[in-house]
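Subject: Structure handover

Hello,

Here is the structure I promised to pass on to you. Please open it alongside this message, and then read on at your own pace.

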Amino acid sequence: MKSVLTLILALMVLSINAYSQSTKVYGVTIDGIYPSAEIIDAIQSNPVKMTTRIVFDEGQPASLYSSFVDQLTTKSYIMGEILDSYYMKDITVAQYSARVQDYVNTMGNKVHIYEIGNEINGEWLGTNVVEKMTNAYNIVKNAGQKTALTLYYNKNCWANSNNEMFKWTNNNVPASMKTGLDYVWVSYYEDDCNNYQPNWQVVFDSLHKIFPNSKIGIGECGTNNASLKVSYMTRYYNMNITTPNYVGGYFWWYYRQDCTPKTKALWSTLNNILLNQNQQLSAPTLLSPVNGATNVSQTPLLDWSDVSNATSYQMQVSTGSAFTTTVVNQTSLTSSAYTVPTGILASGTTYYWRAKASNSSTSSAWSSVFSFKTGTITPALTAPVLLSPVNGATNVSTTPLLDWSDVTNATSYQIQVSTGSAFTSTVVNQTSLTSSAYTVPAGVLASGTTYYWRAKASNSSTSSAWSTVFSFKTGTVPPPTSQIRGVTIDGIYPTADIVTALQKLPVRPTTRMIFDKSTASAYSSSVTSISGVSDIMGNIMDSYFINDFTVTQYRARMNDYIWTLGDKVTIWEVASEFNDESVGSISNAASMLNAGYNYVKSLNKKTAITLLYNSHCYTNPQNEMFTWANTNIPAYIRNGLDYVWVSYYDDYCNNYQPNWQQVFDQLHTMFPNAKIGIGMCGTLDPLKKAAFMQKYYTLNVTTPNFVGGYFWWTFRQDCVPYTNPLWTTLKNVFAPVDNNNIVMNKGDNKSETPSSYALRQNYPNPFNPSTKISYAIPEAGNVKLVIYDIQGKEVMTLTNEFKQAGEYTAEFNASALSSGVYFYRLETATFSDVKKMSLIK
């Protein structure tokens, strides 16, 4: 196995370094890398693999381009222009050599060609041009990389005849370069030379004699005249030159401005030119199901490879390998995949399939033929059991969490809510839900109204019957809350479990996502999923990594994340624990904060910072939270921030207990316009987690603009999947039992009359064989507490009698029952609630 891995790695390295367009080069030029996603999308969407010249800006280090080059190098060949000709006069020989060395060392073989000199004979390049060019050539060659030199075609357009292209080349290019350069390009702009039309066949025949071993072509072309762009592009990219080693090139200079995004007309012009030149289509490669696959679904996804220049596909399925007859014959498919509909394929049957590609001019040969055998019919699905709200529930929220049981073999669910039990019309009809719970959005349900709801399960083969219909009646609408209930995730896997755990919380949370050193594209899918069930605060950079980035790199990272993730992230945390003494340079941290805040505000996005509370555990007094903030955060930022959070971990500060009222009063004075709260909390001690969670999420702070927050740091580890006991603890402290969505801690004083109804989570849970269930009733009345099994069957009544207002605890002994999930429901004349518990014997 080790030898196989070594071989694979070797092939990967070779594939990166290999520049295989030996017969034809289709080049474009970009003079900037933003917006990156649009540029890369336009380039990779062309029908051939392009060669992209990146013009590296003057004064910028190679590291600024690393992330973009990493993304582009797998989608396009890259030619790196070390320095544009316009700036050659502003740099010394030593500086130019150092710049070349920096780019070669940083980029390596991710850049396939290094352009050592651009328009090298231009009269504006200044002195020492030959020495700069020669040193660059030697550096690149010694690194084993490919070299290119671009000449400026200037017949009858020079001031000094010594700068005429052929004369300058003969007099100044060393013999070793004339025989050793890999590519020699010619730059020409007709606008600059009185619209003169060279005889390009003669030009390249002459150039080939000087550079007999080099591949040659057009190195730059274009025009600023909008009315001429189409004709120029068409003329240059369709040049018919028969000179040996002529490979095209062209490198349209204004590609970023003219062709991105790819919806621009000039992108289509170039795309059509390339399509017309590359009409031959290869046969598709079948991917899935693999050849000979068994137990395949009767509605399989048939997937094959994309084919360059193809605009449509044909796919056939037959019971015989000769395809004399077909059961599927799909033509004009625009995607390289097709899902066979229900009712076409039989179970336990062998089928054969193939595909071919087409465009407006031609079709490919058929692919190789693959076979697969379908499996047996999937067992029928049972109907879901509705869990919450319980049937007949009253005073239900207008944004309730509708929860039902998981169904074995189900892959999706449908949920309906209606004002009538016949479901003639619906107010909610959600299909393809991947979780067995759904929170009704605000604005859908009216207050004081009776609703009916039901659910059913599905998979790729079948659907269950509808569940039993439950009803509930909504209560009056509570005053809107400004409170934030936050959690933190330091990773995105398992994404589905994270989404479910967030979705099942009783109020919509705000999730801080800690972005690691990856680019934003790595988070795009998970952010889309999480934003459906939670607001998101994006942590641009954890303080642990700040020393690995310059201010410029931090600014580029922020640009990448904001433009990629967009409005799915509602708050951008531009600085996290920057006063932490492990961060390093305070001035650098402050500079990053300034750069981040200014950039996010310029885009009208919401900003947040998190400060580390360390007033009793710092080494350097300058790093104390309030001192650092006063010193390093300018007044305009202090007045403009949308959110300011305080991070605190008791474990790290000798278990010191701050007076949070005083802390937030002082913080509000410093940040008068910002919403404030706890930005991170938690503990590594498993025995303290539940107590810490209860303590922080129930803080009673009366400071103006205090909005809670809390952002439990280890949510992914402690509360995912939602069956973890700590998720239940979190759910209970999330529960909106008063108008501010704050769970008030009443303590254990049984003599105090409760202010509201409450059914608490049983303890212990899971249990064997007995557990205790506590509840509170604020007024006298009949109280019923009943236990149900997973099927909704009543198994025991713990209480059914008149009780005075107060706190009560009932014991449930399950010695005679089997292991499994059970539910307990508390019901009075005006209140009902249900919770889940697990018996494990």
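Below are my notes on two sheet regions, the cysteines and the salt bridges. Please keep in mind that this is a predicted model.

**An open sheet**

Let me begin with five strands that make up an open sheet with mixed pairing, in the order β10-β16-β15-β12-β13. The edges are held by β10 (293–296) and β13 (328–333); each has a single partner strand, so one side of each has no neighbour in the sheet. From one strand to the next, the twist averages 25 degrees. If you would like to look at one pairing in detail, take β12 (residues 312–318) with β13: the two run antiparallel and share four bridges. There, V317 has V328 of β13 as its bridge partner.

**A buried strand**

How many of the six residues of strand β25 are buried? The count is six of the six, so β25 (residues 484–489) is largely enclosed by the rest of the structure. In a regular strand, side chains alternate between the two faces of the sheet. In β25, I484, G486 and T488 point one way, while R485, V487 and I489 point the other way, and all are buried.

Two pairings of β25 are worth a look. With β32 (residues 706–712) β25 pairs in the parallel sense over three bridges, and V487 stands opposite W712. With β26 (residues 510–514) the pairing is also parallel, here over four bridges, and G486 has T510 as its bridge partner. Between β25 and β26 the chain passes through helix α12 (residues 495–503), giving a right-handed β-α-β crossover.

**Cysteines**

The structure has one disulfide. C157 and C193 form it, with their sulfur atoms 1.4 Å apart. The link is right-handed, with 80 degrees about the S-S bond. It connects distant parts of the chain, 36 residues apart: C157 sits in the loop between β5 (146–152) and α6 (165–172), and C193 in the loop between β6 (183–187) and α8 (200–210). C157 is partly exposed at 24% relative accessible area, whereas C193 is buried at 3%.

Why is C259 without a bond to C221? The sulfur of C221 is the closest cysteine sulfur to that of C259, but at 11 Å it is too far for a bond. C259 is buried, with a relative accessible area of 0%. C719 is in no disulfide either, and its nearest cysteine sulfur, in C681, is 11 Å away. C719 is buried, with a relative accessible area of 0%.

**Salt bridges**

Side chains of opposite charge can pair when their charged atoms come close. The count here comes to 19 salt bridges. One of them joins R235 and E190, at 2.4 Å from N to O. R235 belongs to helix α9 (residues 229–237) and E190 to the loop between β6 and α8, so this pair ties together parts that are 45 residues apart in sequence. R235 is partly exposed at 34% relative accessibility, but E190 is buried at 2%.

Another salt bridge is that of K803 with E801, with the closest N and O atoms 2.9 Å apart. K803 is buried at 13% and E801 partly exposed at 41%. E827 and R825 also meet in a salt bridge, at 3.5 Å from N to O; E827 is partly exposed at 31% and R825 is buried at 10%. Finally, R53, E81 and E115 are joined into one network by salt bridges that share partners.

Best wishes

Notes: Residues are numbered from 1 along each chain as its sequence is written. This is a predicted model: local features need pLDDT of at least 70, side-chain atom pairs count only at pLDDT 80 or more; totals for chains, interfaces and linings use all residues. Side-chain values use heavy atoms; hydrogens and water are left out. Two strands pair if DSSP finds at least two bridges between them. Axes are lines fitted to C-alpha atoms, for helices over the stretch in contact, and angles run from 0 to 180 degrees between N-to-C directions. A disulfide is a pair of cysteine sulfur atoms within 2.5 Å. Buried means under 20% relative accessible area, exposed over 50%, partly exposed in between (1.4 Å probe, protein chains only). A crossover is right-handed if, with the strands pointing away from the viewer, the path from the first strand over the helix to the second runs clockwise. A salt bridge is a side-chain nitrogen of Lys or Arg within 4 Å of a carboxyl oxygen of Asp or Glu.
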